Amino acid sequence: MSEKILEAPDTVQNPVEQATTELKQRFPESLSDETRPGYEGLIVSPDKLREVATTLRDELGFNYLSSVTGVDLIDDNKMEVVYHIYSIEKGGGPIVLKAQVDRDNPVVPSLVPVWPGADFQEREAWDLLGIRFDGHPDLRRILTWDGFHGHPLRKDWKEPFYEEDHKPFGSRWPGGGVRRAEELNPYGKNVQYPPGWVPTGDEYEVETDLYTGLTIKKDETIDLKTEQVTVNIGPQHPSTHGVFRMVVTLDGETIVALKPVMGYLHRNHEKIGERNTFIQNIPYTDRLDYICSMSNNLGYVLAVEKLLGSEVPERAEWLRILNVELTRICNHLWALGFLLNDLGALQTPMLYFYIERELILDFFEALSGSRMMCNYMRFGGVAYDLPDDVRGQPTLQFLDELVNERLPRALEQGNELMTGNEIVQARSIGVGYLSPEDAIAYSTAGPVLRASGIPYDVRRAEPYSYYEHLDFDVAVRYNGDIYDRYLIRLDEMYQSLRIIRQVLPYLKETEGAPIISGKPQYALRVPKGGEAYARVENPKGELGFYVTAKPKGSNPERYHVRAPSFINLTALEKMTVGHKVADLVAILGSIDIVLGEVDR
Amino acid sequence: MSATSSGAGATSPEIVVPDELANNVVITNIAKLLDPVYNWSRRNSVWPMVFGLACCAIEMICTAASRYDLARFGMEVFRATPRQSDLMIVSGTVTKKMVPTIVRLYNQMPEPRYVMAMGACASGGGPFKEGYNVVDGIDKFIPVDVYVPGCPPTPQALINGLIALQEKIDQQSIATVPWYRKGDPTAEMVPVPVLGPDLVDLRQLEIIEREAAKAKAETAETAESAA
Ligand code: SF4
């Protein structure tokens, strides 16, 4: 017995290493190590990609495809697709697979047959980088529109208001003035057209592809003649939670097929992010999932800290956790308010929940200067220390009252009013079911995944910040329906309160300690270059940032966001088919999307 | 000026009102009365459209919710259809993909109608101005009445903007408002832009053709000089 324990450290290998060795043995010809300094993972020859992926999923336990990133390696004249694959059971880091293809004719086999969750992500890579995925069932543009000119994330593609490749632009700093970009554009607007293009009117039929497969079908075999109709819901619709659109085919009131259409809020986060300096991107991350700016900040900052190799002082870590968990409560209050609204409890629960949310926002405002767009985290720490007082109360006392009295009371009240409510139960139990297998296959994350019985939480699976020192449970529910997705958010808020209660004493203890390592710097350069991927458990699910940089670079070369709301939507059709159209709104509400993140 | 303040106890040199009736009789003429009544009723029942675009919409919802309570200004009736709304709050980043829908919604709103550009994005593109899919200000397509600065504007700022709109309404006169006059360009339908290789504003077709010809000539020239 004791011998075994002594032996253990040698034999127990990190699951990633173990799987990598195993993979290399199986596919000696088609796998090679990444050789670029600062990069990691395995280069796969594209023709074997699907086989390698299947082996990983079925035999090695790496069954969760988290993110698919297209990269334009313009210097090598190549296109690259990076896959981050995790193991739900074992936790820990990813296996990173990279497929590189010729830049002029980039074709990669699609992984949709292995993981349906790759669907939207591959479409995104096709749309923005022009990488074609062989065998993809529906390879259309997703964020821009059919007929859009070019693939905007390619390094040599220039937008209408293009000035320079990287900021700060010479025209503005140092010494420059400001010119309005409109004055330099012949149209006075943010538009450009290919040379020689003359509008003829034919170009405008941009949506013909969308409706194929969704045409009207008549069924005259039964006595009652029925007809299927295709309906557009959104982009301007009060219950699509923003500018989201769904094209649904209905048989009576039953949903037969559904296609989400997005991109109505595509704000070119990644293109702008690749022009910005590292620090300029922090406020942009605020605007990804604009309800949770604090936790978006954290994800991005963690990724860049990996590149910079910065240390974070203790007090800063506690401040980060405090804010991130408050953000989680904030988000779930918002999400539940809207979900209940969608279920028919028009506004009342929402208004009750928002009273408490406003208190958290007051704290954020006192702390960072802004209610929503906090822009609070910095590389190596945070921007500000706790304020002296919030709403006329000493800060720690305010927080103490908030987490020990006000919030628990509000949750209790909401719980009592809504959880047992007959209408809520009737409309949500058994509706929008997602099986655990599908939840993994569709790459869902966060409350959607955990409500389907998969206890996977990045804070536990691959702990960051000080989460390993904290005592909390990963909330999990097993029925995978709307009701469970409602309950799990309540559970998570209780867990967040529990975490904050543990953090508050540390904040008192470390008062006056530094909140950022080194001096705050603005013109940061990464010393060695390379790539970094960091993920955090955002209230909506796993938020990942993939950042690459050149040695001594001050701007990201490639900057990609794994947006949980976007990827969670892949499972929407699966959840809705067979339900009534009225349930669609509730199912969408239970996924909790935010369009800033879906469309980026 | 509100309608009531011009009323009670007003006097006129031609008509003599007995003292005991002075508090109950208003002497005015129709032109003086109509505008205040017309404006007073409109300014206190502005119905905004439920129409959230981006982050600013969250603050708009907060403005309407528990703490800030827009109902105090007669604006709590958010309508989901443009046919019933008076005010379109463009709350967030306007993208090229979305702008045809916004213009169509604007065209569907019955007059009198007002547009408010809420936040930096709707006013001029904001932080995302340089993006390839972003419209640099909704005023490039539809006329805007009030701009509210901020990113996002706080609920207080939005309420301030709405009060500014009420003040604007107060100053309007039924005789000069565009929607009762023939041929006023501000009261017309705005042509809905279309999506081609980029966003096409149909009012700019001429410039597009001219520029296309120019670009073609330039590419031909460079090809020639290369040869
Ligand atoms: S102005 Fe700021 S807060 Fe408003 S939509 Fe634009 S980025 Fe978001």
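This is a tour of a predicted two-chain model with a ligand, stop by stop.

**Before selecting anything**

Residues are numbered from 1 along each chain as its sequence is written, and chains are lettered from A and ligands numbered from 1 in the order in which they are written. Because the model is predicted, local features need pLDDT of at least 70, side-chain atom pairs count only at pLDDT 80 or more, and totals for chains, interfaces and linings use all residues, while side-chain values use heavy atoms, with hydrogens and water left out.

**Stop 1: colour by confidence**

Colour both chains by pLDDT, the predictor's confidence in each residue, from 0 to 100. Chain A has a mean of 85, with 93% of its residues at 70 or more. For chain B the mean is 82, and 93% of its residues reach 70 or more. For the complex, the predictor gives an ipTM of 0.85 and a pTM of 0.87.

Select residues 1–11 of chain A: pLDDT stays under 50 there, and the model has 0 contacts (heavy atoms within 4.5 Å) beyond four places in sequence for this stretch. Residues 1–10 of chain B also stay under 50, but for them the model has 13 contacts beyond four places in sequence. Where pLDDT is low, the predicted coordinates should not be read in detail.

Among the elements of chain B, helix H6 (residues 205–226) has the lowest mean pLDDT, 78, and S3(B) the highest, 92. Helices (H or I, at least four residues) and strands (E, at least two) are DSSP runs, numbered from the N terminus.

**Stop 2: the interface of chains A and B**

Select the residues in contact across the two chains: 66 come from chain A and 55 from chain B. Between them the chains bury about 5,500 Å², 64% of it on carbon and sulfur atoms. Buried area here is the accessible area (1.4 Å probe) that two parts lose on being put together, summed over both. On the side of chain A, show A:Trp145, A:Lys189 and A:Gln236, which lose the most area to chain B, together 13% of what that side buries.

Next, turn on polar contacts. The interface has 26 residue pairs in polar contact, both residues at pLDDT 80 or more. A polar contact is a pair of N or O atoms within 3.5 Å; within protein, one must be able to donate a hydrogen and the other to accept it, and residues adjacent in sequence count only if both atoms are side-chain atoms.

Helices H5 (269–275), H8 (314–342) and H9 (348–368) of chain A each give two or more residues to the side that touches chain B. H9(A) gives the most, with 8 residues. By class, this side of chain A has 41 nonpolar, 12 polar and 13 charged residues. Ala, Val, Leu, Ile, Met, Phe, Trp, Tyr, Cys and Pro count as nonpolar, Asp, Glu, Lys and Arg as charged, and the others, Gly among them, as polar.

**Stop 3: salt bridges**

A salt bridge is a side-chain nitrogen of Lys or Arg within 4 Å of a carboxyl oxygen of Asp or Glu. The interface has 7 of them. Zoom to B:Arg67 and A:Asp362, whose side chains form a salt bridge at 2.6 Å, N to O.

Over all chains the count is 56. Within chain A, select A:Asp385 and A:Arg315, paired at 2.9 Å, N to O. A:Asp385 lies in the loop between strands S13 (381–382) and S14 (389–390) and A:Arg315 in helix H8 of chain A, so the pair ties together parts that are 70 residues apart in sequence.

**Stop 4: the ligand**

The ligand lies between chains A and B. Select the 16 residues around the ligand (a heavy atom within 4 Å); B:Cys55, B:Cys56, B:Ala120, B:Cys121 and B:Cys151 come nearest. Helix H2 (55–64) and helix H4 (119–124) of chain B each supply at least two residues of this shell, and H4(B) gives the most, with 3. The shell has 10 nonpolar, 4 polar and 2 charged residues.

**Stop 5: backbone details**

Most residues other than glycine have a negative phi, and most peptide bonds are trans. A cis peptide bond joins B:Cys151 and B:Pro152, with omega about -10°. B:Pro152 is in the loop between strand S3 (146–148) and helix H5 (155–170) of chain B.
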